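Dear colleague,

Please find the sequence and the structure below. I would be grateful if you could keep them open while you read my notes.

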Amino acid sequence: RHRERIQEAKRVANPGCHATGFISIVRPLMDLGLLEKNALLSCFSLTGYSGGGKKMIAEYEDPGRDPLLAGPAPYSLGMKHKHLPEMQKLAGLDSSPAFLPVLGDVYKGMCTTVMLHNTYLSNDRLSAEEIYELLAFHYSNGPVVKVAPFGTAPARLYTGQLAGTDGLLLTVTGHDGQTLIAAQFDNLGKGASGAAVQNMNLMLGFEETKGL
């Protein structure tokens, strides 16, 4: 039904990069009845510096740059990031998440993470593996978003793993009491421009993934 609404719409809003990762994780949990609208969530999101535009790209690629730029840098420390309104609204939450974006010394790529205490879920008996199964079923027919098989997560999730692609990969890990869900994608591709092309294709009646 969501794709039909896009096909019939005259105007479609395109989500921002951090918002794309957060919504891809949280909205299915809401639709599946696992989270209540009053859920208080935290989100941690690593991004490449290209999202900051020409000025930031020039800063990071300057041969004489500040050596501190080599290390990850949390930002938007006032916790009022511009993506928060859409993260709240499109995830279906009563309040915005506690959100910390982190800038990395990588041109493009993103890894957005939401961590859950399973006791906060409407069914507190669910394990991380059962949450994986529900998300995998939810996204089973989608052409772009994939869910990694449970138990196959590497020791590390790299921000740039899906750089240069239009895919989005969800990884679910954890145990009976806590669940971590991470979305890896390209902040320039699926994080913005790729989603815009996908929406345009739906609106114009083209194949959804044409040109991606």
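The notes that follow concern one helix and a group of strands.

Please bear in mind that the model is a predicted one.

I begin with helix α6, which covers residues 189-204. This helix has a kink of about 35°, and the kink is centred on A195. A195 also belongs to the buried residues of α6, together with G189, K190, G191, G194, Q198, N199, N201 and L202. Which elements cover these buried residues? Among them are two helices, α1 (2-8) and α2 (17-31), and two strands, β6 (168-174) and β7 (178-185). After α6 comes G205, which has a positive phi, near 80°.

Strand β6, one of the elements that cover α6, deserves its own paragraph. Five of its seven residues are buried, and β6 is therefore largely enclosed by the rest of the structure. How does β6 pair with β7, in the parallel or the antiparallel sense? The two strands pair in the antiparallel sense, over seven bridges. Within this pairing, V172 has I181 of β7 as its bridge partner. The connection from β6 to β7 is a hairpin of three residues.

β6 also pairs with strand β5, which consists of residues 145-147. Here the sense is parallel, and there are three bridges. In this case, K146 finds its bridge partner in L169 of β6. As a general point for reading such strands, the side chains of a regular strand alternate between the two faces of the sheet.

With kind regards

Key
Residues are numbered from 1 along each chain as its sequence is written. This is a predicted model: local features need pLDDT of at least 70, side-chain atom pairs count only at pLDDT 80 or more; totals for chains, interfaces and linings use all residues. Side-chain values use heavy atoms; hydrogens and water are left out. The bend at a residue is the angle between axes fitted to the seven residues ending there and the seven starting there. Helices (H or I, at least four residues) and strands (E, at least two) are DSSP runs, numbered from the N terminus. Buried means under 20% relative accessible area, exposed over 50%, partly exposed in between (1.4 Å probe, protein chains only). Contact means heavy atoms within 4.5 Å. Two strands pair if DSSP finds at least two bridges between them.
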